[in-house]
Amino acid sequence: MTIGTDVAVAAAWLRRGALVGIPTETVYGLAANALDPEAVLQIFAVKQRPAFDPLIVHVHHQDQLAELVTHVPDEARALMSHFWPGPLTLVLPKTTRVPDIVTSGLPSVAVRMPRHRLTLELLRALDFPLAAPSANPFGYVSPTTVAHVVDQLGDSVPYVLDGGPCAVGLESTIIGWEDGVPVLYRPGGLAVEDIEAVIGSVRSNVRQVLPVAPGMLESHYAPRKPLFRGDVKQLLAEHAERPVGVIAFRRRIEGVVCETLSERGDLIEAARNLFAAMRRLDAAEIECVLAEVFPDEGLGRAINDRLRRASFVPEAE
Ligand code: TXA
Ligand code: MG
């Protein structure tokens, strides 16, 4: 596997039907030619991702949508003009050109325009869009640096484009339309408040777990160590007898391994630091992770969503 910044090399691998690690502003992706089912199949194999979990198709220009989707609602156009390129994915009715493996057989396809210079350059060099999930083994924390990608998928990808650390650090926010009404499927790197400022209120339909047989998927976006969410003082008292790590918003807690995500209390900075902190705690000499509940506003909603999914015992809220 090679790490580099050569867009021509990355493009050559992709044209040959191979996979390439790509930087985006949200997280690193594992990309393949979205219109080539054989290439896309390798994504599922390398990630050990179940075939029922559909991929996001990445474009560099809105004109590419004509080939991919049959209809773009006015609200979707408005969101694209405000937030693309950026951390927003739109779910729209698909054309027959999009292979079923990309959408897991769904009649819709998820599309987004990433905000990263190298990946936009790469997309412009290709005459096909790129299907790309986050570049992590299925169920694990998404990668926000090239080192995270190499650590986990280094042996199975010929080339990773090094675009530096991800500026946003959380996966894109996903919006679709049901009976003409906008619906939130995943909170992410674009705050729902910003979306609502453009198209008005958005109904939330965030699934806690993927639609699978009960017990198949206990958690998602998860570190390997048990993670408990709640009042950290109380959690520290409950886990006093073992070495623990803490994910805190702005506080620094003495006497334990503590990842403070933003001392100045900035949720954007906290989001950027979350996944790397989760990985460091996974590697630290501790037995479990205790995480604070973040303010339920702006990117705090997406941070809480990821921590909830990562928590050892999925809790109802
Ligand atoms: O920021 C991101 O979105 C990153 C970067 C690489 O672009 N990608 C990413 O992909 O997070 P992934 O595969 O880890 O998550 C894609 C999710 C799926 O799990 C599914 O929930 C949703 O997108 N999705 C894809 N197609 C969909 C569809 N047709 N309808 C509803 N949800 C869909
Ligand atoms: Mg993912």
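This report looks at how the two domains of a predicted model meet.

## Ground rules

Residues are numbered from 1 along each chain as its sequence is written, and chains are lettered from A and ligands numbered from 1 in the order in which they are written. In this predicted model local features need pLDDT of at least 70, side-chain atom pairs count only at pLDDT 80 or more, and totals for chains, interfaces and linings use all residues, while side-chain values use heavy atoms, with hydrogens and water left out.

## Two domains

Let's start with the layout. Domain 1 covers 2-204 and domain 2 covers 227-310, with bounds that come from an automatic or database domain assignment. Their centres, taken over C-alpha atoms, are 27 Å apart. Domain 1 brings 24 residues to the contact and domain 2 brings 16 (contact means heavy atoms within 4.5 Å).

## The shared surface

Together the domains bury about 1600 Å², with 56% of it on carbon and sulfur atoms; buried area is the accessible area (1.4 Å probe) that two parts lose on being put together, summed over both. On the domain 1 side, Val141, Leu170 and Pro187 lose the most area to domain 2, together 34% of what that side buries.

## Charged links

Two salt bridges are counted between domain 1 and domain 2. A salt bridge here is a side-chain nitrogen of Lys or Arg within 4 Å of a carboxyl oxygen of Asp or Glu. Glu171 and Arg306 form a salt bridge through their side chains, at 2.8 Å from N to O.
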